[in-house]
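User: Please take a close look at the largest pocket in this structure. What lines the largest pocket, and which elements contribute to the lining?

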Amino acid sequence: MQANDVRVLKGAAVPTVLVGLVVIAMAAVLAGFPGALGAVIGLVVVIVFFTVGLVVVAYAGRISPMMMMTAAVLSYLVKVIVLMVLLKTFETATVFEPRAFGWAAIVGTVAWTVGEMRGFMKLKMLYADPDTKVPGSDGA
């Protein structure tokens, strides 16, 4: 990972953890230990999913822009499918509160997305090389 990728990862992970701690505390108050456990599991799932997704997209970006876009779309699709499977699987769980898991996953996803957008906006990276000559222009 490059330094820019690490900054984006940190900019997304820190707010997600902070918001996640609030969700865990609320779940603990509302549903006790099973609620807190469900919220922790939901938060961990979000952090792992999005960290892996960011690493995959950053690695693919070093190969080519087309590969980066393909990796982004496929990682998003895989995350949504796996999250839906987890939500369906944990629907009747008794060890932890499934609703707390779901709310932590939703709130964590929103916090991660906002943090990631903010991180990318702060990078101020150019999307075009200003020194590149346009084919067919002789500079005249």
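Analyst: The pocket is described below, after the overall build and before a patch on the surface. The model is a predicted one. The protein holds 3 helices and 0 strands, and from the N terminus on its elements run α-α-α. Of its 140 residues, 29% are buried.

The largest pocket encloses about 470 Å³ of space. Its lining is made of 20 residues, and those closest to the pocket centre are Phe 50, Tyr 76, Lys 79, Thr 113 and Glu 116. Two or more lining residues come from each of α1 (3-63), α2 (65-89) and α3 (98-123). Sorted by class, the lining of the largest pocket counts 14 nonpolar residues, 4 polar residues and 2 charged residues.

Outside the topic of the pocket, there is also a nonpolar patch on the surface. Val 40, Val 44, Val 48, Val 52 and Val 56 make up this patch, which covers about 360 Å². One of these residues, Val 44, belongs to helix α1. Val 44 has a relative accessibility of 45%, so it counts as partly exposed, given that this class lies between the buried limit of under 20% and the exposed limit of over 50%.

To return to the request, the lining of the largest pocket has 14 nonpolar residues beside 4 polar and 2 charged ones, and α1, α2 and α3 are the elements that give two or more residues to that lining.

Notes. Residues are numbered from 1 along each chain as its sequence is written. This is a predicted model: local features need pLDDT of at least 70, side-chain atom pairs count only at pLDDT 80 or more; totals for chains, interfaces and linings use all residues. Side-chain values use heavy atoms; hydrogens and water are left out. On a 1 Å grid over the protein atoms alone, a cavity is a set of points where a 1.4 Å probe fits but cannot get out, and a pocket is an open set with protein on both sides within 12 Å along at least five of seven lines; lining residues have an atom within 4 Å of a point. Grid points are joined across faces, edges and corners, and a volume is the space filled by probe spheres set on the points. Helices (H or I, at least four residues) and strands (E, at least two) are DSSP runs, numbered from the N terminus. Ala, Val, Leu, Ile, Met, Phe, Trp, Tyr, Cys and Pro count as nonpolar, Asp, Glu, Lys and Arg as charged, and the others, Gly among them, as polar. Patches are made of residues with over 30% relative accessible area and no salt bridge: like charges are joined within 9 Å, nonpolar side chains (Val, Leu, Ile, Met, Phe, Trp, Tyr) within 5 Å. Accessible areas come from the Shrake-Rupley method with a 1.4 Å probe; for residues, only the protein chains shown count as cover. A salt bridge is a side-chain nitrogen of Lys or Arg within 4 Å of a carboxyl oxygen of Asp or Glu. Buried means under 20% relative accessible area, exposed over 50%, partly exposed in between (1.4 Å probe, protein chains only).
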